[in-house]
Every structure is written in structure tokens, then in C-alpha cells.
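User: Please take a close look at a single part of the model shown below. Set out in one connected account how that part is joined to what surrounds it.

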Amino acid sequence: METDGFKAISIRGVTKSLDTLQLGPMDLEIEPGYIIAVVGPNGSGKSSLFRLLMNLNKPDRGDIHLHGKSYAVDEVAIKQAMGYVPEVEEWNDSGCRP
């Protein structure tokens with residue numbers, strides 16, 4: 001599979017402080033074509049990680065690139081290629097903040 005040198009997901013030095021959770025520091029690279037599972041107990045940061053990946057929450061530090069693109073430059077292109085359906089039904093319960 002041709003990847004043009006980019007990673008499907010690249011997380012470098014990402015941290016995020018939430019009400020009851022400190023996520024990171026985190027470094028992760030996932031090659032295109034891989035299928036992964038994110039598992040862990042309730043409150044371990046799985047949903048917070050996905051909100052960071054979808055730019056619904058911003059990291060306190062670090063960089064996130066999806067398919068070689070950053071949200072700062074290519075947010076529309078990234079979101080056109082992604083799908084995300086959160087578990088919670090109420091937007092306010094999702095932890096997203098402006």
C-alpha cells in the first residue's frame with residue numbers, strides 16, 4: 001500500500017487535562033491499513049482520545065496529524081474523510097467545550 005510517507009494517525013507529545021483525568025503525555029503512530037482497538041475501563045480516556053482525534057477538544061500540548069494533515073491547516077479535508085459517532089446522546093454530556 002502506497003502511503004506517501006504519512007501515518008494514518010500520528011500523535012506526538014499530546015496531553016489533555018480534564019476534570020478528573022490527565023491524558024498523556026502520549027506518542028502514537030498508526031500506519032495506514034491497520035485496524036486497531038482502543039480498550040480500557042470506564043474513565044480511562046478512550047472517549048477523550050477520540051474527541052481529541054476529531055478536534056472536538058484541543059490538546060493542551062502536542063500535535064495530532066491524521067493522514068499526514070493537521071487540523072490547523074486541513075480541518076475540513078480531515079473531517080470529510082472521517083466518521084465519528086459518540087456514545088453519548090446529549091452534546092453537553094460529551095465533555096466538548098468551545
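Analyst: Strand β1 (residues 9–17) is joined to strand β3 (residues 61–66) by 5 bridges, and the two run antiparallel. Two strands are taken to pair if DSSP finds at least two bridges between them; strands (E, at least two residues) and helices (H or I, at least four) are DSSP runs numbered from the N terminus. The model is a predicted one, in which local features need pLDDT of at least 70 and side-chain atom pairs count only at pLDDT 80 or more, while totals for chains, interfaces and linings use all residues. Residues are numbered from 1 along each chain as its sequence is written, and side-chain values use heavy atoms, with hydrogens and water left out.

Two residue pairs illustrate the register between β1 and β3: T15 has R61 as its bridge partner, and I11 has I64. On the β2 side, β1 pairs with β2 in the antiparallel sense over 6 bridges, including the one in which M26 is the partner of V14. Strands β1 and β2 form a hairpin, with 4 residues between them.

These pairings belong to an open sheet of 4 strands, in the order β2-β1-β3-β4, with antiparallel pairing. Its edge strands are β2 (22–30) and β4 (69–70), each of which pairs on one side only. Helix α1 (residues 46–53) packs on this sheet and touches β1, β2 and β3, with its direction at about 120° to that of β1. Such angles run from 0 to 180 degrees between N-to-C directions, the axes being lines fitted to C-alpha atoms, for helices over the stretch in contact. As a whole, the chain has 2 helices and 4 strands, arranged along the sequence as β-β-α-β-β-α.

Within β1, K16 merits separate attention. Its relative accessible area is 14%, so K16 is buried; the classes are buried under 20%, exposed over 50% and partly exposed in between, with a 1.4 Å probe and protein chains only. The side chain of K16 reaches the backbone oxygen of K58 at 2.9 Å. This is a polar contact, meaning a pair of N or O atoms within 3.5 Å; within protein, one atom must be able to donate a hydrogen and the other to accept it, and residues adjacent in sequence count only if both atoms are side-chain atoms. Leaving aside neighbours within four places in sequence, the residues in contact with K16 (heavy atoms within 4.5 Å) are L21, Q22, L23, L52, N57, K58, P59 and D60.

K16 also forms a salt bridge with D60, where the closest N and O atoms are 3.7 Å apart. K16 lies in β1 and D60 in the loop between α1 and β3, so this pair ties together parts 44 residues apart in sequence. D60 is partly exposed, at 44% relative accessibility. A salt bridge here is a side-chain nitrogen of Lys or Arg within 4 Å of a carboxyl oxygen of Asp or Glu, and by this rule the count comes to 4.

Strand β1 takes part in another of these: R12 forms a salt bridge with E29, the closest N and O atoms lying 2.2 Å apart. R12 in β1 and E29 in β2 are 17 residues apart, so described as linking distant parts of the chain. Both partners are partly exposed, R12 with a relative accessible area of 45% and E29 at 38%.

The nonpolar residues of β1 complete the picture. The largest nonpolar core has 14 residues, of which I9, I11, V14, M26, L53, I64 and L66 touch the most other members. A nonpolar core is a set of buried Ala, Val, Leu, Ile, Met, Phe, Trp, Tyr and Cys residues joined through side-chain atoms within 4.5 Å. At least two residues of this core come from each of β1, β2, α1, β3 and α2. I9 is in contact with L28, E29, I30, L53, H65 and L66, again leaving aside neighbours within four places in sequence. In soluble globular proteins, nonpolar side chains tend to be buried together.

For the chain of 98 residues, buried residues make up 30%. Of the contacts with a separation of 6 or more, 55% come from residues 24 or more positions apart.
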